[in-house]
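Work through the exercises below with the sequence and the model in view. Each task is followed by a solution in steps.

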Amino acid sequence: MFSNGRKTIFLAGCACVGAYVAYRYWKKRELKSIDEGFDEVTKIDDSYEKRILLLGLDGAGKTSVMNQMRIIYGDKRPYKVPTKPTRGFTVYRIKCGSFTYNVWEIGGAESNREFWSTFLQDTDLLIFMVDASNTNKLSLAVSTFKQLLGDTRIDTVPILVVANKQDIPGALLPHQVKEALDVESISPHKHKVEVIGCQTRPLPDFLSEYTWYHKSVKAVTEKLCSMAVY
């Protein structure tokens, strides 16, 4: 186990690496043709044209949704069961028509949220995922969302709010999440905001033969593509 001092140094180092990678991406991205499909990028290529930022509190289901999008785009690698919250960030690649995007999924734990602002610059679409089943975290999700809206670097950036975990009894419906976030108060001249429901469960019994995705994830994917091209 890390001591407090070593842990602090380790987290600071990770933050610096993340900031440097993001900086290189913003400075050097250029239009470049790549293959059709959807892949997790383990070595980040900073030459893609457009960028999507996926944010949300820990436990919102960001990784589960991205895993199912991989299946939609024909990725045959084994499904990754998210046993722990994402620490740092994971970058995926998706092609919508003639546009190619890097999808940056940033961890939602408190220790990660303090670095979210590092990744806001040059965002073409912001996806904010809410665990609609966890009302205990709703007020934090609302305040976090409003804090993001206050950052001028994402002025005019379209926002897709995903009300996830609709399969869980008692989960807030998309229109209820929309009301909680006070989306109607957001000026349409500043942001185009849409809210969509989603669920990723139930998962199949045999994940080693995983070819299943929930239809709501496909709807999110389609909405993502239609919003990101503007």
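**Exercise 1.** In which loop is Asp 122 found?

Solution. Asp 122 is found in the loop between helix 3 (110-113) and strand 5; helices (H or I, at least four residues) and strands (E, at least two) are DSSP runs, numbered from the N terminus. The model is predicted, so local features need pLDDT of at least 70 and side-chain atom pairs count only at pLDDT 80 or more, while totals for chains, interfaces and linings use all residues. Residues are numbered from 1 along each chain as its sequence is written, and side-chain values use heavy atoms, with hydrogens and water left out.

Next, take the backbone. Phi of Asp 122 is near 60°, a positive value in a residue other than glycine. At 29% relative accessibility, Asp 122 counts as partly exposed; buried means under 20% relative accessible area, exposed over 50%, partly exposed in between (1.4 Å probe, protein chains only).

**Exercise 2.** Describe Asp 182 in the same steps.

Solution. Asp 182 lies in the loop between helix 5 (174-180) and strand 7 (193-197). Its phi is near 55°, a positive value in a residue other than glycine. With 35% relative accessibility, Asp 182 counts as partly exposed.

**Exercise 3.** Give the order of elements in the protein chain.

Solution. The protein chain has six helices and seven strands. Along the sequence they follow the pattern α-β-β-α-β-β-α-β-α-β-α-β-α. Of the 230 residues in the protein chain, 46% are buried.

**Exercise 4.** Is Gly 56 buried or exposed, and what is it in contact with?

Solution. Gly 56 is found in strand 2 (residues 50-56). Its relative accessible area is 0%, so Gly 56 is buried. Leaving aside neighbours within four places in sequence, Gly 56 is in contact (heavy atoms within 4.5 Å) with Lys 62, Gly 108, Trp 116, Phe 128 and Met 129. The C-alpha atoms of Gly 56 and Asp 131 are separated by 8.4 Å, although these residues are 75 residues apart along the chain.

**Exercise 5.** Describe the burial of helix 2 and its packing against helix 6.

Solution. Start with burial: ten of the eleven residues of helix 2 are buried, so this helix is largely enclosed by the rest of the structure. Among the buried residues are Lys 62, Asn 67 and Arg 70.

Then the geometry. Two packed helices are described by the angle between their axes and the distance between the axes. The axes of helix 2 (residues 62-72) and helix 6 (residues 215-228) come within 9 Å and cross at roughly 85°. Axes are lines fitted to C-alpha atoms, for helices over the stretch in contact, and angles run from 0 to 180 degrees between N-to-C directions. Helix 2 and helix 6 are therefore roughly perpendicular (65 to 115 degrees) to each other.

Last, the contact itself. Helix 2 contributes Val 65, Gln 68, Met 69 and Ile 72, and helix 6 contributes Val 217, Lys 218, Val 220, Thr 221 and Leu 224. These residues divide into six nonpolar, two polar and one charged. Ala, Val, Leu, Ile, Met, Phe, Trp, Tyr, Cys and Pro count as nonpolar, Asp, Glu, Lys and Arg as charged, and the others, Gly among them, as polar.

Methods:
Angles under 35 degrees count as roughly parallel, over 145 as roughly antiparallel, 65 to 115 as roughly perpendicular and the rest as oblique.
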